Structures are given as structure tokens and as C-alpha cells.
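User: Could you take a close look at one helix for me and walk me through how it sits in the fold? I'd like the sides of the helix, its two ends and what it packs on.

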Amino acid sequence: MRKIEHIGIAVKDLEKSNLLFEKLFGQPPYKEEEVVSEGVKTSFFHNGPNKIELLEATNADSPIAKFIEKKGEGIHHIAFDVEDIVAEIERLKNEGFVVLNEEPKKGADNKLVVFLHPKSTNGVLIELCQEIQQ
């Protein structure tokens, strides 16, 4: 893992949350995107070299809707940038981590993503991200 890629925050209302974080960071989100396969709308903010992703559920069955129902709004995941996501999946499985999706899938912000189960990471949902090469 090379660096923290972003921190994901689950929100009930993306529009209201965008305004809040725009005030906090002094700038609007640089990108908004819907990931239909995950039932989520996202926005991304830069904060220095760091990124924050806000996530709003687009349907009641989405992972974000279930997270908010259970825990309320707040930090949902920490994402780490990796050079070779397939190699990292194998390495982490061999280390005993539970991988939620064995095959990387397309996520927001031009990334391939995979998640590690929070039960194997001290209660923190970990996302691995690899930039999709064009």
C-alpha cells in the first residue's frame, strides 16, 4: 500500500453535505459521480494532498443505506492506493484478511476497488484502490 487514497464518509443528503464540506474546505467538490452498481452517489473534495469522498445511497438496499441505518452518518471507510490490486488481494488473503469481493470491481473516480471485511481489520472497512489505466 502506497498511501491513503481517500476517506469515505456516509451521508444522508449529498447536496446538503456538499455545502457543509464546501464551507469547511473553502472549495466545491472537484467531482460528482454515481456508481449504479453500488447504489451510491459520490462527491470528492481535495484537502491539501488528501481526498474526502462523500457517499449517499440511491436505494434502500445499498451498502451505504444499510450502514447509515445501523450506525448513522460518519466515516464509512479508509481507502488505500495500491500498485497491483490483484497481487494485494492475494497477499492479504494469505495474511488472513477477509476479502469481501475477490475480483476487483469498477468504483468511483476511475478506480478498481476491493474491500476488506471490518471483522478482520479491527472494525474498519478498508478499501484498496488502483487507478484504471486508459
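Analyst: Let's take helix H3, which spans residues 85-94. Its buried residues are Ile85, Glu88, Ile89 and Leu92, where buried means under 20% relative accessible area, exposed over 50% and partly exposed in between, with a 1.4 Å probe and protein chains only. Those four sit on the same side of H3, because they cover an arc of only 105° around the axis; the arc is taken from the directions from the helix axis to the C-beta atoms. In general, an α-helix has 3.6 residues a turn, so residues three or four places apart point the same way. Flip to the other side of H3 and you find Val86 and Asn94 exposed.

Before going on, a word on the model: it's a predicted one, so local features need pLDDT of at least 70 and side-chain atom pairs count only at pLDDT 80 or more, while totals for chains, interfaces and linings use all residues. Residues are numbered from 1 along each chain as its sequence is written, and side-chain values use heavy atoms, with hydrogens and water left out. Helices (H or I, at least four residues) and strands (E, at least two) are DSSP runs, numbered from the N terminus.

What does the buried side lean on? The buried residues of H3 pack against strand E7 (111-116) and strand E8 (126-131), with contact meaning heavy atoms within 4.5 Å.

Now the ends. At the start of H3, Asp84 puts a side-chain oxygen within 3.2 Å of the backbone nitrogen of Val86. After H3 comes Gly96, with a positive phi near 100°.

Follow E7 back a little and you reach the loop between strand E6 (105-106) and E7, which holds Asp109. Phi of Asp109 is positive, near 60°, and this residue isn't a glycine. Asp109 also counts as buried, at 9% relative accessibility. Asn110 is in that loop between E6 and E7 too, and it has a positive phi of about 60° although it's not a glycine either.

One more stop, in strand E5 (residues 74-81), where Asp81 is found. Asp81 counts as buried at 10% relative accessibility. Its side chain makes a polar contact with the side chain of Arg2 at 2.8 Å; that term means a pair of N or O atoms within 3.5 Å, where within protein one must be able to donate a hydrogen and the other to accept it, and residues adjacent in sequence count only if both atoms are side-chain atoms. Leaving aside neighbours within four places in sequence, Asp81 is in contact with Met1, Arg2, Lys3, Glu5 and Cys129.
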